[in-house]
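Please look at the model below with its two ligands in view. The text that follows goes through their surroundings, one ligand after the other.

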Amino acid sequence: MPNIRLPSHVAFIMDGNGRWAKKRGLPRIYGHAEGVKSAERIIQTAKELGIKYLTFYAFSTENWKRPEEEVNFLMELLRWYLREKIPSFVEDDIRISFIGRRDRIPQETLKWMERAEKETARCGSLWVFVAVDYGGRDELVRAVNRIISEKKRKVDEKLIRRYLDLPLEVPDPDLLIRTAGEKRVSNFLLWYLSYTEFYFADVLWPDFGKEEFLKALQDFSKRVRKFGGLFPDEEENS
Ligand code: IPE
Ligand code: IPE
Ligand code: MG
């Protein structure tokens with residue numbers, strides 16, 4: 001895409017898998033399986049474009065409320081996916097890391113998450129974060145508890161940031177994309193979204209492809225980000 005200002009970090013709330021399956025008279029889990037292909041397309045496109053960081057919301061701290069079969073399927077799907085894909089991530093120089101809690105994830109899934117992190121640790125063209133058992137509030141609570149346990153007497157924004165899940169070098173998301181027409185944050189990345197641009201697409205996540213992604217990027221590229229300051233032309237005239 002010529003002359004487009006690209007975000008460096010794009011976050012995704014991949015929503016609408018269940019509805020995608022329901023529309024076809026299929027069980028919800030088919031939608032999740034199909035949703036994996038969308039994530040794949042986005043990763044490939046981001047790599048081609050030179051976007052540096054992606055964060056995908058795969059499972060929230062609230063998603064444990066879903067039926068046990070669906071939860072189990074999602075955990076298994078992640079395990080299958082990682083087991084199959086790690087070599088191609090390494091080949092494509094894509095680094096994979098996870099954010100969220102690790103104390104409630106089934107052992108076999110956790111094993112493959114840790115393996116993916118270890119085996120892709122030296123990859124650097126694109127860094128993909130997957131949020132699993134992640135909640136923005138839970139992340140803050142875990143951070144505060146660690147700060148307390150280290151007996152810090154005073155906190156500031158920089159210190160809190162150091163205790164959050166995303167590595168310090170990762171910039172806040174420039175753009176957050178949510179699919180399936182829902183316009184809410186659902187406990188995603190709360191700390192980091194202070195000045196993130198939001199883009200809502202009506203298409204369901206399994207139908208979200210390269211074209212939709214490019215549309216969101218075009219839209220982002222037209223936005224003027226002020227971070228509490230003034231428009232650039234306002235500054236000149238003031
Ligand atoms: C998003 O799709 C995937 C996860 C939350 C794991 P949903 O499963 O929320 O799909 P809908 O919103 O029910 O259509
Ligand atoms: C958000 O989607 C979580 C993920 C995409 C993993 P949900 O479908 O769980 O969110 P709500 O319940 O509609 O807010
Ligand atoms: Mg949903």
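**Surroundings of the two ligands**

In this predicted model, an N or O atom in the side chain of Arg 66 is 3.2 Å from an oxygen atom of ligand 2. Two further side chains offer such pairs. A polar side-chain atom of Asp 15 also lies 3.2 Å from an oxygen atom of ligand 2, and for Arg 184 the distance from a side-chain N or O atom to an oxygen atom of the ligand is 2.8 Å. Ligand 2 on its own would expose 390 Å², and the protein buries 78% of that area.

The shell around ligand 2 consists of Ile 13, Met 14, Asp 15, Tyr 57, Ala 58, Phe 59, Asn 63, Arg 66, Arg 178, Arg 184 and Ser 186. Sorted by class, five of these residues are nonpolar, two are polar and four are charged. Which element gives the largest share of this shell? Strand E2, residues 53-60, does so with three residues. As for the site itself, ligand 2 occupies the largest pocket.

Ligand 1 comes next, and the largest pocket is where ligand 1 sits as well. Two elements, helix H1 (17-23) and helix H2 (28-49), each give two or more residues to the shell around ligand 1. Of these, H1 contributes the most, with three residues.

The full list of residues around ligand 1 is Met 14, Asp 15, Gly 16, Asn 17, Gly 18, Arg 19, Arg 28, His 32, Ala 58, Asn 63, Arg 66 and Leu 74. The classes here are three nonpolar, five polar and four charged residues. Met 14, Asp 15, Ala 58, Asn 63 and Arg 66 are among the residues around ligand 1, and they are also among those around ligand 2.

Which side chains place an N or O atom at 2.7 Å and at 2.8 Å from an oxygen atom of ligand 1? The value of 2.7 Å belongs to the side chain of Arg 19, and that of 2.8 Å to the side chain of Arg 28. Gly 16 takes part through its backbone: one of its polar backbone atoms is 3.4 Å from an oxygen atom of ligand 1. Taken alone, ligand 1 exposes 380 Å², of which the protein buries 87%.

To bring the two sites together, the shells around ligand 1 and ligand 2 have four charged residues each. Arginine side chains supply polar atoms to both ligands, with Arg 19 at ligand 1 and Arg 184 at ligand 2 as examples.

Methods
Residues numbered from 1 in each chain as written. Chains lettered and ligands numbered in written order. Predicted model: local features only at pLDDT ≥ 70, side-chain atom pairs only at ≥ 80, totals over all residues. Heavy atoms only, no water. Near = heavy atom within 4 Å. Polar contact = N/O pair within 3.5 Å; in protein donor to acceptor, adjacent residues only side chain to side chain. Areas by Shrake-Rupley, 256 points an atom, 1.4 Å probe, with all protein chains shown as cover. 1 Å grid on protein atoms, 1.4 Å probe; cavity = no way out; pocket = protein on both sides within 12 Å on 5 of 7 lines; lining within 4 Å. Sits in = over half its atoms within 2 Å of the grid points. Helix = DSSP H or I, 4+ residues; strand = E, 2+ residues; numbered from the N terminus. Nonpolar A, V, L, I, M, F, W, Y, C, P; charged D, E, K, R; others polar.
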